[in-house]
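Biologist: Hi, could you walk me through this one? I have some time now.
Modeller: Happy to, let's open it up.

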Amino acid sequence: MQMNSKILFVEPPRNFWFVMGEYLPPPSTLLILAAYVERELPDVEIDIVDCQADRLDWNGLEKYIASTDPSMVLTSGFTTNAYSCARTCEIAKTVNEDIVTIVGGIHFSFTPEESLQSFPEIDYIVRGEGELTLVDLIRTILNEKKINDVLGISFQKNKKIIHTQQRPLIENLDSLPYPAYHLVEKNMKRYHFTMMAGRNTPYMILEGARGCEHQCSFCTQWNHWGSRWRTKSAKRIVDEIEFLNETYGGVFLWFSDDHMKLSVRGKPLYNELRQRRCKDDVMLFFQARIDDIARHPDLIAKLREVGTYWILCGVETDSQEILNEYKKGIKTQDAYEAMKIMKQNDIFSQAMFIIGARRDTHESIQRLREYSLDLTPDISIYTTLTPFPGTTYYETAKKNGWIEDTNYSNYDMAHAIMSTESLTRKEVQEELWRCYRTFYGSLTKNIVRVLSKNKLKRTLYRHMAGQFVLEKFRRLI
Ligand code: B12
Ligand code: SF4
């Protein structure tokens with residue numbers, strides 16, 4: 001029987017990250033992939049179901065798949081979402097065992113052997129960059145050609161796991177189409193990030209660059225993207241910003257880029273944006289390294305003029321020794337400079353910290369807490385060192401038997417996964433709670449913050465200082 005050419009991208013029901021409050025993100029990865037398939041395979045019928053936005057639980061998803069009768073079901077997730085991806089495939093197979101199930105993304109790219117063994121409901125794993133491989137795979141399946149010729153996939157055949165050769169990366173990211181927001185247009189009003197931009201501010205994710213040329217030991221991103229940083233041109237990025245703003249009213253725009261690389265893109269982005277009307281309407285969020293910010297105060301001031309509103313940066317720890325161990329390549333002093341520059345330019349500063357390094361003790365984490373207070377970022381997010389598959393840290397931790405919790409649902413950086421040399425996993429979890437309590441629990445500081453003139457700051461502190469976040473962290477102990 002000839003297979004129909006209907007493919008369904010699924011954003012499955014997921015648990016959200018309670019730390020950042022109430023939000024509903026657009027399924028950015030699926031939109032990026034769907035746009036490419038739509039352009040390259042115009043005869044293929046594409047649908048996206050976003051279970052969060054459509055308020056579908058697992059039963060609802062099953063009914064949706066049954067009623068739309070796709071021949072392929074595709075989904076994406078990172079480590080903490082691995083089981084929800086597998087469950088999506090399982091449900092597709094329950095509806096109709098002939099549905100071909102395809103998954104991709106960081107987690108599956110680094111665990112193809114393990115994932116295919118644990119989840120027989122997954123037919124194909126697309127490793128690494130998805131666009132070209134996915135189009136090749138769909139075409140090959142529909143035309144019943146030889147699967148082994150598709151580069152960059154892993155699958156099982158006759159109980160044997162096959163990994164085809166890695167596919168080379170796309171050289172020109174400008175060649176990619178805009179993400180397919182038109183396929184989720186009915187949900188546009190639902191995508192929001194209350195704490196970061198307000199409940200009614202349209203929230204969209206866009207991609208300017210892929211990868212990173214640094215090699216931090218706890219991070220998957222450089223490895224996933226072949227240790228390279230590739231960017232779209234400034235014109236293309238700004239065209240995309242303008243398009244999202246003018247077509248869908250996107251205001252809070254979140255760059256998915258792992259590394260802003262101001263030294264290369266700061267000036268061209270400013271020059272492009274300053275000529276566009278949308279600069280007065282958008283609220284741009286991006287992630288930058290603290291050394292990059294510290295070295296480019298002029299560019300931060302310029303990017304503020306054209307809508308930059310919130311910057312997230314990985315400060316990680318106060319200990320230079322641990323920073324070196326992480327291969328982070330920054331100096332603790334850079335963080336003071338970066339925070340000062342963001343403050344001077346009235347940009348919301350979000351500092352990320354990691355606790356639970358092997359040599360961490362109660363005292364060293366106390367020092368990290370004091371350092372985080374001393375830096376005075378607008379918001380501090382503390383996380384536990386998490387051995388994500390694909391990181392060099394994971395390899396070390398696995399070899400040394402440090403990984404105590406192998407339940408991937410807990411790999412959300414809020415659960416302690418490992419002990420340290422002197423702290424048990426429970427003690428690391430307690431320390432994490434203490435970090436939040438110290439930063440957000442001070443009554444006097446919070447009264448000042450909650451009375452801030454800035455409405456978003458008030459919302460944020462009310463959320464963080466409120467019992468909800470602290471209580472959630474306490475319950476994890
Ligand atoms: C935006 C974002 C979010 C958004 C929501 C994302 C969403 N749409 O659901 C929010 C803010 C909610 C979020 C939350 C979290 N996030 Co987040 N997030 C990102 C970010 C910055 C961008 C995601 C994105 O759009 N990428 C762009 C796309 C194109 O890249 P991609 O997903 O890798 O997809 C490509 C390939 O991998 C492949 N592919 C991927 N999936 C599939 C599927 C198929 C079928 C195929 C064929 C191919 C394919 O093709 C794509 C195109 O080439 C990434 C960092 C990053 N740059 O990816 C972190 C990241 C994914 N988040 C991360 C984490 C840890 C989290 C949190 C757990 C905690 C936290 N600290 O934020 C929570 C978990 C929430 C939850 N329960 O799901 C980590 C994951 C690490 C890991 N290895 O698991 C990342 C990598 C950040 C980092 N630097 O470590 N996140
Ligand atoms: S943590 Fe940041 S700087 Fe380090 S490798 Fe990952 S993306 Fe690059």
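Biologist: How many bridges join strand 5 to strand 6?
Modeller: There are 3 bridges between strand 5 (residues 100-104) and strand 6 (residues 124-126), and the two strands run parallel. This is a predicted model, by the way.

Biologist: Which residue stands opposite Ile125 of strand 6?
Modeller: That is Val103, which lies in strand 5.

Biologist: Is Val103 buried or exposed?
Modeller: Val103 has 27 other C-beta atoms within 10 Å, and 20 or more are needed to count as buried, so Val103 is buried.

Biologist: And what does Val103 touch?
Modeller: Leaving out residues up to four places away in sequence, Val103 touches Thr75, Ser76, Cys85, Cys89, Phe108, Ile122 and Ile125.

Biologist: How far is Val103 from Val251?
Modeller: Their C-alpha atoms are separated by 30 Å, and the two residues are 148 residues apart along the chain.

Biologist: Back to the strands. What is the order in the open sheet of 7 strands?
Modeller: The order is 3-1-4-5-6-7-8, and the pairing is mixed. Strand 3 (45-50) and strand 8 (160-163) are the edge strands, each pairing on one side only. On average, neighbouring strands of this sheet are turned by 20 degrees against each other, with direction ignored.

Biologist: Which strands does helix 1 touch?
Modeller: Helix 1 (residues 28-40) packs on the sheet and touches strand 1 (6-11), strand 3 and strand 4 (72-76). The direction of helix 1 makes about 170 degrees with that of strand 3.

Biologist: What about helix 2, where does that lie?
Modeller: Helix 2 (residues 58-68) lies across strand 1, strand 3 and strand 4, and runs at about 170 degrees to strand 1.

Biologist: Let's go to the ligands. How many residues surround ligand 1?
Modeller: The count is 38, and the closest are Ser76, Phe78, Gly104, Gly105 and Gly130. Ser76 came up before, as one of the residues that Val103 touches.

Biologist: Which element gives the largest share of that shell around ligand 1?
Modeller: Helix 1 does, with 4 residues. At least two residues each come from helix 1, strand 4, strand 5, helix 4 (106-110) and helix 6 (131-142).

Biologist: How does the shell around ligand 1 divide by class?
Modeller: It has 18 nonpolar, 14 polar and 6 charged residues.

Biologist: Which residues are around ligand 2?
Modeller: Ligand 2 has Cys212, His214, Gln215, Cys216, Cys219, Gln221, Trp222, Asp258, His259, Arg289 and Gly314 around it. By class, the shell around ligand 2 divides into 4 nonpolar, 5 polar and 2 charged residues.

Biologist: I can see another open sheet. What is the order of its 6 strands?
Modeller: The order is 10-13-14-15-16-17, with parallel pairing. Strand 10 (203-206) and strand 17 (379-384) are at the edges with a single partner strand each, so one side of each has no neighbour in the sheet. The twist averages 20 degrees from one strand to the next.

Biologist: How many bridges join strand 10 to strand 13?
Modeller: It is 4 bridges, with strand 10 and strand 13 (residues 252-255) running parallel. Met204 stands opposite Leu253 in strand 13.

Biologist: And strand 15, why is it largely enclosed?
Modeller: Of the 9 residues of strand 15 (residues 308-316), 8 are buried, so the rest of the structure largely encloses this strand. Gly314, one of the residues around ligand 2, falls within the range 308-316 of strand 15.

Biologist: What does strand 15 pair with?
Modeller: Strand 15 pairs in the parallel sense with strand 14 (residues 283-287) over 4 bridges, and also in the parallel sense with strand 16 (residues 348-355) over 6 bridges. Trp310 in strand 15 is the bridge partner of Phe285, while Gln350 in strand 16 is the bridge partner of Leu312.

Biologist: Zooming out, how many helices and strands does the chain have?
Modeller: The chain has 20 helices and 17 strands. Buried residues make up 49% of its 477 residues.

Biologist: What radius of gyration would a compact globule have with 477 residues?
Modeller: It would be near 23 Å, and the chain has 22 Å, which agrees. Along its principal axes the C-alpha trace spans about 70 × 55 × 40 Å.

Biologist: And what share of the contacts comes from residues 24 or more positions apart?
Modeller: Those account for 74% of the contacts with a separation of 6 or more.

How values were computed
Residues numbered from 1 in each chain as written. Chains lettered and ligands numbered in written order. Predicted model: local features only at pLDDT ≥ 70, side-chain atom pairs only at ≥ 80, totals over all residues. Near = placed C-beta within 6 Å. Nonpolar A, V, L, I, M, F, W, Y, C, P; charged D, E, K, R; others polar. Rg over C-alpha atoms; globule rule 2.2 N^0.38 Å. Buried ≥ 20, exposed ≤ 12 C-beta atoms within 10 Å, placed from the backbone. Contact = placed C-beta atoms within 7 Å. Pairing = 2+ DSSP bridges. Axes fitted to C-alpha atoms, helices over the stretch in contact; angles between N-to-C directions.
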